[in-house]
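Trainee: Could we go through this structure together? I would like to begin with the sheet.
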Amino acid sequence: MQRRTFLKVLGGGFTAAFASSPFARALADQGGNSDGHFFVFVHAAGGWDVTLWADPRNEKVGIINPASTDNTDYGPIKRWVDAPLDGDVRSFQLVQPAGSNIVFGPGIGDLADLYDRLTVVNGIAMNTVSHPDGTSFSATGRHLVGGRAPASSIDTMMANEFGREQTFPTVSVQFPSAYVGENLDPRVVPLTVGSVSTLSRTLSRSGQFETEDEREAVTAMLSHEAADIAKGSEYPDAMNGMAVQLDALRAMLGGKLQDIFSVAGLQKAQPQFNYRARFAAGAAINCGFAIEAMKRNVVRCVSFAQGGFDTHGANYKTQAQLQQDLFDTLAVLVRTLDATPHPTLVGKKLADTTHVMVVSDFCRTPQVNMGGGRDHYPNNSALVISPRFKGNLQFGKSDHEQLLPGKAKRFADGERPIAPPDLLATMVSAMGVNPRKYLRDGEVVPELLRT
């Protein structure tokens, strides 16, 4: 059968049957207008010590054992400045740059210099000390049900709203991504990989039977033919869907994406990241990938996990540097977003429409255990860097002894602490989407948003 004859057959009876399927309708539906928005979601895996960055404690109050010159490897910590504690033992001075409304601990690193861009949320009620449950609660706003996430994660929500037309709606590098619920487009199932290099290898194709130019010519021809037939077809959805998918294939496999998405390619393209950071080399690669993918407009959401925060032993020997390495990397990410032109909005930078959220499972206990570590505790903090959120804002609190989340405000169900569903609902609402489309629980916190 001739190529054109074959395609004309597809424009007839087969197309009618295919077009009636939900899958075909999803392919043809290009999704809403993204307005050029991008998203970066980070999971600090293991449960971080918030007393070293977002909710700093440098006094012995109640059962709190603060970081000190006696228990902390403070030499590599740039923001560590001695403060009185007990005799010759010193703790750290609070970090509050001139003009900042936010008080930090020394683990904040270079990100403190960008205080005017930061929204810090403290006293988040986690209601769990289980890693899987806390991880799911932070990312989806729901506790696990039978060991499974009962709702979609925040990256899937945003991809479904703004990324259906993207080559990669969501690339998830060990982030707790979940695709659950109704009204989800099948194209936004998160592309979950162990590392960016896995993605690079996936995009590679053998040249044994044809050259790259030949593949490009064939794919382009099929895309154009499908679009032409759709114009005269009684059921155009199927052929439009084919054109969409063929164009996406060209975007994926053209432009040497497999080269630039390799570790070596990213290091060369984005040399400003510290790829030798002791605890955040992986985060540097993932942030470099986010920049390259967004500026090429082939991704909507990049989500990744940075591990190592589960410090049941020798907490103060590593936690501060873990945090510093991650936050230093995020500071470079923000500055790079500021300097990188937007791929589709003339005169704009990526920072104008990129939204970053950093969460963790929960926090560490106020007291140090027998091994010098700190265990799981149902309090938490989170960080948002977004043009839709107020900068230079510290919202919520824990009590004086950092035992329990404090009441943040009067919600519809009464005065209570903020919880993960509230933070996620606020992010969804900030993007002009009704949170109830995805979230069973949670209330928008207007105090976090720019008016």
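Mentor: Certainly. In this predicted model, eight strands form an open sheet of mixed pairing, in the order S6-S5-S7-S1-S8-S11-S4-S12.

Trainee: Which strands stand at the edges?

Mentor: They are strand S6 (191-193) and strand S12 (393-395). Each has a single partner strand, so one side of each is left without a neighbour in the sheet.

Trainee: And by how much are neighbouring strands turned against each other?

Mentor: The average is 15°, with direction ignored.

Trainee: How many bridges join S5 to S7?

Mentor: Five bridges join strand S5 (residues 168-173) to strand S7 (residues 299-306), and the two run parallel. Ser172, for instance, stands opposite Ser303 in S7.

Trainee: Let us turn to the cores. Which residues have the most contacts inside the largest nonpolar core?

Mentor: That core has 63 residues, and those with the most contacts inside it are Phe104, Leu111, Phe261, Phe289, Leu330, Leu333 and Leu383.

Trainee: Which helix gives the most to it?

Mentor: Helix H10 (residues 281-295) does, with nine residues. There is also a second, separate core of 39 residues, which includes Met158, Phe175, Cys301 and Leu424.

Trainee: What about helix H11: is it mostly covered or uncovered?

Mentor: Mostly covered, as 20 of its 25 residues are buried. Helix H11 (residues 315-339) reaches 36 Å from its first C-alpha to its last, close to the 36 Å expected at 1.5 Å a residue.

Trainee: A change of topic: how many aromatic pairs does a search of the whole structure find?

Mentor: Ten. One of the aromatic pairs is formed by Phe39 and Phe162, which are stacked at 5.9 Å centre to centre with 25° between the planes.

Trainee: Why does that pair tie together parts that are apart in sequence?

Mentor: Because Phe39 lies in strand S1 (residues 38-44) and Phe162 in helix H4 (residues 154-162), the pair links parts 123 residues apart in sequence.

Trainee: Are the two rings' residues, Phe39 and Phe162, buried or exposed?

Mentor: Phe39 counts as buried, at 0% relative accessibility. Phe162 has 6% relative accessibility and also counts as buried, because the cut-off is under 20%.

Trainee: Which residues form an aromatic cluster?

Mentor: Trp48, Trp53, Phe309 and Phe327 form one.

Trainee: Finally, where does the charged end of Arg416 sit?

Mentor: The charged end of Arg416 is over the ring of Phe411, 3.7 Å from its centre. Elsewhere, Arg300 lies over the face of Phe38, at 4.9 Å from the ring centre.

Definitions and conventions
Residues are numbered from 1 along each chain as its sequence is written. This is a predicted model: local features need pLDDT of at least 70, side-chain atom pairs count only at pLDDT 80 or more; totals for chains, interfaces and linings use all residues. Side-chain values use heavy atoms; hydrogens and water are left out. A nonpolar core is a set of buried Ala, Val, Leu, Ile, Met, Phe, Trp, Tyr and Cys residues joined through side-chain atoms within 4.5 Å. Buried means under 20% relative accessible area, exposed over 50%, partly exposed in between (1.4 Å probe, protein chains only). Helices (H or I, at least four residues) and strands (E, at least two) are DSSP runs, numbered from the N terminus. Rings of Phe, Tyr and Trp (its six-membered ring) pair if their centres lie within 6.5 Å; planes under 30 degrees apart count as stacked, over 60 as edge-to-face and the rest as tilted. A charge sits over a ring if NZ of Lys or CZ of Arg is within 6 Å of the ring centre and within 35 degrees of the ring normal. The expected span of a helix is 1.5 Å times one less than its number of residues. Two strands pair if DSSP finds at least two bridges between them. Axes are lines fitted to C-alpha atoms, for helices over the stretch in contact, and angles run from 0 to 180 degrees between N-to-C directions.
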